[in-house]
Amino acid sequence: MPIFEYHCKSCLREFEDVVFDDKLPVCPYCHSANTEKMISRPCRSCASGGSGAGGTASSGGCSGCSGGSCASCGH
């Protein structure tokens, strides 16, 4: 199941969500349905060969990340 990044047009926050169908998700912060899918940047460490098993990054860019790329810090 792919994870996509979204932008809420109401509260202007960004969030990630697992996608099951073509419906846009509701914002987890303000619960607005006024959201849009963002174009995600590729993982820099994955593109440079710094990856773990399965082609995913083995460590994140900040302490808040579990690994790879996240919308909250941009790493």
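Ile3, Val18 and Phe20 form a nonpolar patch on the surface of this predicted model. Together the three residues present about 330 Å² of accessible area. Isoleucine 3 sits in strand S1, which spans residues 3-8. With a relative accessible area of 54%, isoleucine 3 is exposed, because the cut-off for that class is over 50%.

**Overall layout**

The chain contains 1 helix and 3 strands. Their order along the sequence is β-β-β-α. The chain has 75 residues, and 20% of them count as buried. About 5300 Å² of the chain is exposed. Carbon and sulfur atoms supply 52% of that area. For contacts between residues at least 6 apart in sequence, 31% join residues at least 24 apart.

**The core**

Which residues make up the largest nonpolar core? The set has 5 members: Tyr6, Cys8, Phe15, Val19 and Cys27.

Phenylalanine 15 has a long list of neighbours in space. Leaving aside residues up to four places away in sequence, phenylalanine 15 touches Phe4, Glu5, Tyr6, Cys8, Pro25, Val26, Cys27, Pro28, Tyr29 and Thr35. Three of the other core members, Tyr6, Cys8 and Cys27, are among those partners.

Valine 19 belongs to the core as well. Valine 19 lies in the loop between strand S2 (14-18) and strand S3 (35-37). Is this loop residue buried or exposed? Valine 19 is buried, because its relative accessibility is 17% and the limit is under 20%. Proline 2 is 17 residues away from valine 19 in sequence. Their C-alpha atoms are 5.9 Å apart.

**Threonine 35 and histidine 7**

Threonine 35 is part of strand S3. Its relative accessibility is 5%, so threonine 35 counts as buried. A polar atom of the threonine 35 side chain lies 2.8 Å from the backbone oxygen of proline 25. Beyond four places in sequence, threonine 35 touches His7, Cys8, Phe15, Leu24, Pro25 and Cys27. Proline 25 therefore appears both as the polar partner and in the contact list, where a contact means heavy atoms within 4.5 Å.

Histidine 7 is in strand S1. Histidine 7 is buried too, at 17% relative accessibility. Its contacts, again without residues up to four places away, are Leu12, Arg13, Glu14, Asn34, Thr35, Glu36 and Met38. Threonine 35 and glutamate 36 on this list belong to strand S3.

**The salt bridge**

How many salt bridges does the structure hold? The structure holds 1. The side chains of glutamate 36 and lysine 9 meet there, at 3.9 Å from N to O. This pair links distant parts of the chain, 27 residues apart. Glutamate 36 is in strand S3, and lysine 9 is in the loop between S1 and S2. Side chains of opposite charge can pair when their charged atoms come close. Both partners are partly exposed: glutamate 36 at 34% relative accessibility, lysine 9 at 43%.

**Positive phi in two loops**

Most residues other than glycine have a negative phi. Leucine 12 departs from this, with a positive phi of about 65°. So does histidine 31, where phi is near 65°. The table sets out both residues.

| Residue | Phi | Location | Relative accessibility |
|---|---|---|---|
| Leucine 12 | about 65° | loop between S1 and S2 | 60%, exposed |
| Histidine 31 | near 65° | loop between S2 and S3 | 60%, exposed |

Leucine 12 also appears among the contacts of buried histidine 7.

**Toward the helix**

Where is arginine 41 found? Arginine 41 is in the loop between S3 and helix H1 (44-47). At 56% relative accessibility, arginine 41 counts as exposed. Glutamate 5 is 36 residues from arginine 41 along the chain. The C-alpha atoms of the two are separated by 9.9 Å. Glutamate 5 is also one of the residues that phenylalanine 15 touches.

How values were computed: Residues are numbered from 1 along each chain as its sequence is written. This is a predicted model: local features need pLDDT of at least 70, side-chain atom pairs count only at pLDDT 80 or more; totals for chains, interfaces and linings use all residues. Side-chain values use heavy atoms; hydrogens and water are left out. Helices (H or I, at least four residues) and strands (E, at least two) are DSSP runs, numbered from the N terminus. Buried means under 20% relative accessible area, exposed over 50%, partly exposed in between (1.4 Å probe, protein chains only). Accessible areas come from the Shrake-Rupley method with a 1.4 Å probe; for residues, only the protein chains shown count as cover. A nonpolar core is a set of buried Ala, Val, Leu, Ile, Met, Phe, Trp, Tyr and Cys residues joined through side-chain atoms within 4.5 Å. Patches are made of residues with over 30% relative accessible area and no salt bridge: like charges are joined within 9 Å, nonpolar side chains (Val, Leu, Ile, Met, Phe, Trp, Tyr) within 5 Å. A salt bridge is a side-chain nitrogen of Lys or Arg within 4 Å of a carboxyl oxygen of Asp or Glu. A polar contact is a pair of N or O atoms within 3.5 Å; within protein, one must be able to donate a hydrogen and the other to accept it, and residues adjacent in sequence count only if both atoms are side-chain atoms.
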